[in-house]
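User: Please take a close look at one part of this model, the sheet and the helices packed on it. Start with a single side chain elsewhere, then work towards the sheet.

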Amino acid sequence: MATSTETTTPYETTVDPERLEAAAGHVFGELGVNCTAPLVVLGDRLGLFRALAGAGPLTPVALADRTGLVERYVREWLRGVAVAGYLDYDPEADTFTLTDAYAAVLADDESPTALIGVFPGLAALWADLDRIEGFFRTGGGMGWGEHHPALGQAQERFTRPAYVHGLIGAWIPAVEGAVPRLEAGAEVADIGCGYGLSSILIAQRWPHSTVTGFDPDDAAVAHARAAAAEAGLDGRAAFEVADAAGFPGHGYDLITFTDSLHDMGDPVAAAAHARAALAPDGAVLVVEPLAADRFADDFANPYARIGYAISTLVCTPSSLAQTGAAALGTMAGEARLREVLAAGGFTRVRRVAQDSAPLNILLEARP
Ligand SMILES: C[S@@+](CC[C@H](N)C(=O)[O-])C[C@H]1O[C@@H](n2cnc3c(N)ncnc32)[C@H](O)[C@@H]1O
């Protein structure tokens, strides 16, 4: 092997050293967050968070015993998750504790603050990155159904707490006149229903009503049909492959767009079609991610970081794959959404009341 006598020149920079250190420290910290994510997925898959929840302080041996897992791996995992700040550590006893607060985020899918379901979906963002890179060069995009299946699964799991507690518990009830209609027996259309969770929850909560979910992704529709059958909904939650601009039926009392309008190529055509499909006095409920009207104001928005990433990697490609290619983006904001609804023929649009820590914009629209 040849040896070199050349000396390396020291790297020279004119950047202020304090600023340089701050920038490197910031990005280094972010790298840590990213490296923790696979550990969180393992904690979920292997039942480690659930075993820690409510158990009090546990040694690695005790947790390995409870889960039937290999202690050496469990110990390393515990240390990784503890230095991330998700577990409390007692150095005297060498024990790790998942506090009730963190358990409500990481160990309980039914909790209103559950976030654990998002983590497995991150795998899809990595898996599909080559295609997204290509779209930056060539244009075009890809639909939800073309992504790694972890994406749809994460969407369903992540939105469950928001839909159980928000959509069913608060948002639909806040739509004027919706509850009496649903209690009496309403026809509901759920546009861009994905795995069908919102449709199924509506049908379960209001047993005299019938919900039809529409989505162009046939795998999602198949999943939704299976979920409705498993829930024993007896035909009250049906699903069809259809685009928002052409779904069948009319005379719907309520039409919902749950986190779907911004994914569409032609959201104005979707809005116009929904308006034409409404019953007299029927209403549309649009659920969209929380976003500011001015990008500069999104720096203070707790959802913005996730929202712009998902927008770049999933929602903008979804719209750009379709006719119209409006590409509203996940972070369209209320003013832009109102423009779309107005262009679709809605003259009365109002912001529906929100819970205390809103992550959504809710708009009730009427012709
Ligand atoms: C973010 S997911 C939301 C799924 C579900 N509503 C939920 O809240 O979990 C967006 C959905 O919109 C659907 N979608 C995209 N373009 C559409 C279109 N033109 N018409 C109807 N649905 C569409 C996608 O296939 C995807 O299932």
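Analyst: Glu 71 counts as partly exposed, because its relative accessibility of 24% falls between the 20% limit for buried and the 50% limit for exposed. The model is a predicted one. Glu 71 belongs to helix 4, which covers residues 71-83. Leaving aside residues up to four places away in sequence, Glu 71 touches Pro 60, Val 61 and Ala 64. Take Val 61 from that set: 10 residues separate Val 61 and Glu 71 in sequence, and their C-alpha atoms are 5.8 Å apart.

Now the chain as a whole. Its secondary structure comes to 14 helices and 9 strands. The C-alpha atoms fill a box of roughly 80 × 50 × 40 Å along the principal axes. The chain has 367 residues, and 44% of them count as buried. Take the contacts with a sequence separation of 6 or more: 67% of them link residues 24 or more positions apart.

Next, the sheet. It is open and has 7 strands, in the order 5-4-3-6-7-9-8. The pairing is mixed. Strand 5 (237-241) and strand 8 (348-351) are the edge strands, and each pairs on one side only. On average, neighbouring strands are turned by 20 degrees against each other, direction ignored. In general, strands of a sheet pair through backbone hydrogen bonds, either parallel or antiparallel.

One pairing serves as an example. Strand 4, residues 210-215, pairs with strand 5 in the parallel sense. The two share 5 bridges. Phe 214 has Glu 240 in strand 5 as its bridge partner.

Then the helices on the sheet. Helix 12 packs there and touches strand 6 and strand 7. The direction of helix 12 makes about 150 degrees with that of strand 7. Helix 14 (residues 334-343) lies across strand 7, strand 8 and strand 9. Strand 9 spans 360-366, and helix 14 runs at about 25 degrees to it. Strand 7 is thus named in both packings: helix 12 touches it, and helix 14 lies across it.

The two helices also pack on each other. Helix 12 and helix 14 meet at an angle of about 55 degrees, and their axes are 7 Å apart. Helix 12 is therefore oblique to helix 14, because angles from 35 to 65 degrees are neither roughly parallel nor roughly perpendicular. The crossing is right-handed. From helix 12, the contact involves Pro 267, Val 268 and Ala 271. From helix 14, it involves Val 340, Leu 341 and Ala 343. The residues of this contact divide into 6 nonpolar, no polar and no charged.

Two backbone details remain, and both concern aspartates. Asp 259 sits in the loop between strand 6 (252-258) and helix 12 (267-277). Its phi is near 60 degrees, a positive value in a residue other than glycine. Asp 281 lies in strand 7, residues 278-289. The phi of Asp 281 is near 70 degrees, again positive in a residue other than glycine. Asp 281 is exposed, because its relative accessible area of 64% is over the 50% cut-off.

How values were computed:
Residues numbered from 1 in each chain as written. Heavy atoms only, no water. Helix = DSSP H or I, 4+ residues; strand = E, 2+ residues; numbered from the N terminus. Buried < 20%, exposed > 50% of the residue type's maximum accessible area, 1.4 Å probe, protein only. Pairing = 2+ DSSP bridges. Axes fitted to C-alpha atoms, helices over the stretch in contact; angles between N-to-C directions. Contact = heavy atoms within 4.5 Å. Parallel < 35°, antiparallel > 145°, perpendicular 65-115°, else oblique. Left-handed = near helix turned anticlockwise from the far one by under 90°. Nonpolar A, V, L, I, M, F, W, Y, C, P; charged D, E, K, R; others polar.
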